[in-house]
Amino acid sequence: MKGSKAILIVGVFFAILLAGCNRNAADMVVKGGVTWNEEADTLTFSGVLTDEALEPDTKFRARFFLQGKTIKNALGTDLIYTDEELKSRSKGEASKEIKVEKTVDIKKSDDIDNIIKEIKNKDKEAVTIEIVNDNGRIDEKVLHDIEKE
């Protein structure tokens, strides 16, 4: 009986530890979304980030990770990087907000209605903005906002 109590206590301890580890180390993503331009047949992925939780002069990049067969097939990729490497504020400066975005051509536009449904569906993670650097993923946030331009 004592052994099973010890195992239970250790199990609870590890569950608490893992729950804490699953928490993102930084809350960098302030907001984000997707804009559909029907005329140009494009999707623009955008986000607003803050560097408040980062050490000064930390390099990082933003990327958009796409999940789901429909959106990946329509865009021809599952990972969209913004074009620039970013750097957090310098020592002594106030934190700043940074806007990132990337526009991608839609290769299969007849799937746009399903793409919009998948992005808006709160039970799915069709689009995730990820903040990464050489040490790995710093932060992420699933995006469910899509608007028509």
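I started with S2 and S6, which run antiparallel and are joined by 9 bridges; strands here are DSSP runs of E, at least two residues, numbered from the N terminus. Across that pairing, Phe-45 stands opposite Lys-102 in S6.

Note to self: this is a predicted model, where local features need pLDDT of at least 70, side-chain atom pairs count only at pLDDT 80 or more, and totals for chains, interfaces and linings use all residues. Residues are numbered from 1 along each chain as its sequence is written, and side-chain values use heavy atoms, with hydrogens and water left out.

Next I looked at the other partner: S1 pairs with S2 in the antiparallel sense over 8 bridges (pairing takes at least two DSSP bridges). Lys-31 stands opposite Val-48 in S2. The S1–S2 hairpin has 4 residues between the strands, and Asp-41 there takes a positive phi near 60 degrees. I checked its exposure too: Asp-41 is partly exposed at 25% relative accessibility (buried is under 20% relative accessible area, exposed over 50%, partly exposed in between; 1.4 Å probe, protein chains only).

Asp-57, in the loop between S2 and S3, also has a positive phi, near 60 degrees. Its relative accessible area is 39%, so I logged Asp-57 as partly exposed.

How many residues of S2 are buried? I got 9 of 9. Leu-43, Phe-45, Gly-47 and Leu-49 point one way, and Thr-42, Thr-44, Ser-46, Val-48 and Thr-50 the other.

Last, I looked at the largest nonpolar core, which has 32 residues; Leu-43, Phe-45 and Leu-49 are among those with the most contacts inside it. Such a core joins buried Ala, Val, Leu, Ile, Met, Phe, Trp, Tyr and Cys through side-chain atoms within 4.5 Å.
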